[in-house]
Amino acid sequence: MQAVQLAVLGTLLACGVEAKPPPSDITKPFEGVYDIDAKGWQKATRNGKYWFVEFYAPWCQWCKKVAPEMVALGESVGTNHPKVRIGKVNAEDDDIQEIADHYKVKGYPTFIILKPDGTWARHKGKRTVEGFMAFIKEQTGIALTRQTRSDELLTGGTGVVQTLLPETADTLIMNPKLNVLVKFYAPWCGHCKSMADDFKAFALDIKKEKDVAAAEIDASTHRVLADKWQVGSFPKLLWFTKKNKKGVEFKGARTRDAFVAFVMRNKE
């Protein structure tokens, strides 16, 4: 952790930037994650909040891979949390370079937390929503809970993997207006863990498809659902179209691109 005074940020922004207007409003958040540019940086970091910020590059594959985790974090924290905000900065933007250099951003993605007193710390742990939340708690004492917005539950085009329970599974899967790809998994399953990031990324990729949903069921816990769909090993992926609710097993590569291609080819 390195101490830094917020006053220095004003100097950094001023250096080499001519005829620029005063700091603008921060870009409206998408999925609870604020997109901050150079003009909005001072306003973002001087509002008395803790800011967890990702420095990313548009071409960075690691950044794309972690995007679903940032979305989940943003949705969980929301835009009305009294103390915490989630943001991202395009470190390739020329106007951001001095700020990125100040925080020693050498690679992408880089995650830091900015504190109201001007100090900051770099996140070096797991790049998962749980890892981010643990880091935020460690640095701030604020405990966060992973959530999914209630208005996105049991619908298509949510951008997230929806967790199904015995009381909710039929509501989503049997919906005649939805195509649903369901992952049956067990928490201890190594192959399930290996494909988890790809499945989350797939859910985000198909967000624009309002009649498609991605879901998961802990089949080791909810045996009634595993038995209903004859799940005997993990992971097992079943595809339910609008007309076929018996389920067809997905047997392709367990990758983000393969999931997307399969869904776009087979959705009704």
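**A walk from one strand outward**

Let's start with strand β2, residues 50-56, which is mostly covered: 7 of its 7 residues are buried. Keep in mind as you look that this is a predicted model.

Which residues of β2 sit on each side? Y50, F52, E54 and Y56 are on one side, with W51, V53 and F55 on the other, and they are all buried. That every-other-residue pattern fits a general rule: in a regular strand the side chains alternate between the two faces of the sheet. For β2, both faces are covered.

Now look at the neighbors. Strand β3 (residues 84-90) pairs with β2 in the parallel sense, over 7 bridges. To get from β2 to β3, the chain passes through helix α3 (residues 61-77), and this β-α-β crossover is right-handed. Strand β4 (residues 110-114) also pairs with β2, but here the two run antiparallel, joined by 5 bridges.

W51 is a handy residue for finding your way around here. Opposite W51 in β3 stands R85, while the bridge partner of W51 in β4 is L114. Pick out W51 in the structure and you can trace from β2 to R85 in β3 and to L114 in β4.

Time to zoom out. The protein chain has 9 helices and 10 strands, and buried residues make up 50% of its 268 residues. What about contacts between residues with a separation of 6 or more? In the protein chain, 70% of those are accounted for by residues 24 or more positions apart. As for the outside, the chain exposes about 13300 Å², and carbon and sulfur atoms supply 51% of that.

Next up are the charged side chains. Side chains of opposite charge can pair when their charged atoms come close. How many salt bridges does the structure hold? There are 8.

One of them takes us back to helix α3, the one on the way from β2 to β3. E69 forms a salt bridge with K200, with the closest N and O atoms 2.8 Å apart. Because E69 lies in α3 and K200 in helix α7 (residues 190-205), the pair ties together parts that are 131 residues apart in sequence. Are these two partners buried or exposed? E69 has a relative accessible area of 2%, so E69 counts as buried. K200, with a relative accessible area of 22%, is partly exposed.

Stay with helix α7, and you'll meet another pair. The side chains of R256 and D205 come together in a salt bridge, at 2.6 Å from N to O. R256 is in helix α9 (residues 256-266) and D205 is in α7, so this pair ties together parts 51 residues apart in sequence. R256 is partly exposed at 21% relative accessibility, and D205 is partly exposed too, with a relative accessible area of 31%. Elsewhere, salt bridges that share partners join E209, D211, K242 and K267 into one network.

There's one more pair to find. K228 and D170 meet through their side chains in a salt bridge, 2.8 Å from N to O. This pair links distant parts of the chain: K228 belongs to helix α8 (residues 223-228) and D170 to helix α6 (residues 169-173), 58 residues apart. K228 counts as partly exposed, at 41% relative accessibility, and so does D170, at 36%.

Methods: Residues are numbered from 1 along each chain as its sequence is written. This is a predicted model: local features need pLDDT of at least 70, side-chain atom pairs count only at pLDDT 80 or more; totals for chains, interfaces and linings use all residues. Side-chain values use heavy atoms; hydrogens and water are left out. Helices (H or I, at least four residues) and strands (E, at least two) are DSSP runs, numbered from the N terminus. Buried means under 20% relative accessible area, exposed over 50%, partly exposed in between (1.4 Å probe, protein chains only). Contact means heavy atoms within 4.5 Å. Accessible areas come from the Shrake-Rupley method with a 1.4 Å probe; for residues, only the protein chains shown count as cover. Two strands pair if DSSP finds at least two bridges between them. A crossover is right-handed if, with the strands pointing away from the viewer, the path from the first strand over the helix to the second runs clockwise. A salt bridge is a side-chain nitrogen of Lys or Arg within 4 Å of a carboxyl oxygen of Asp or Glu.
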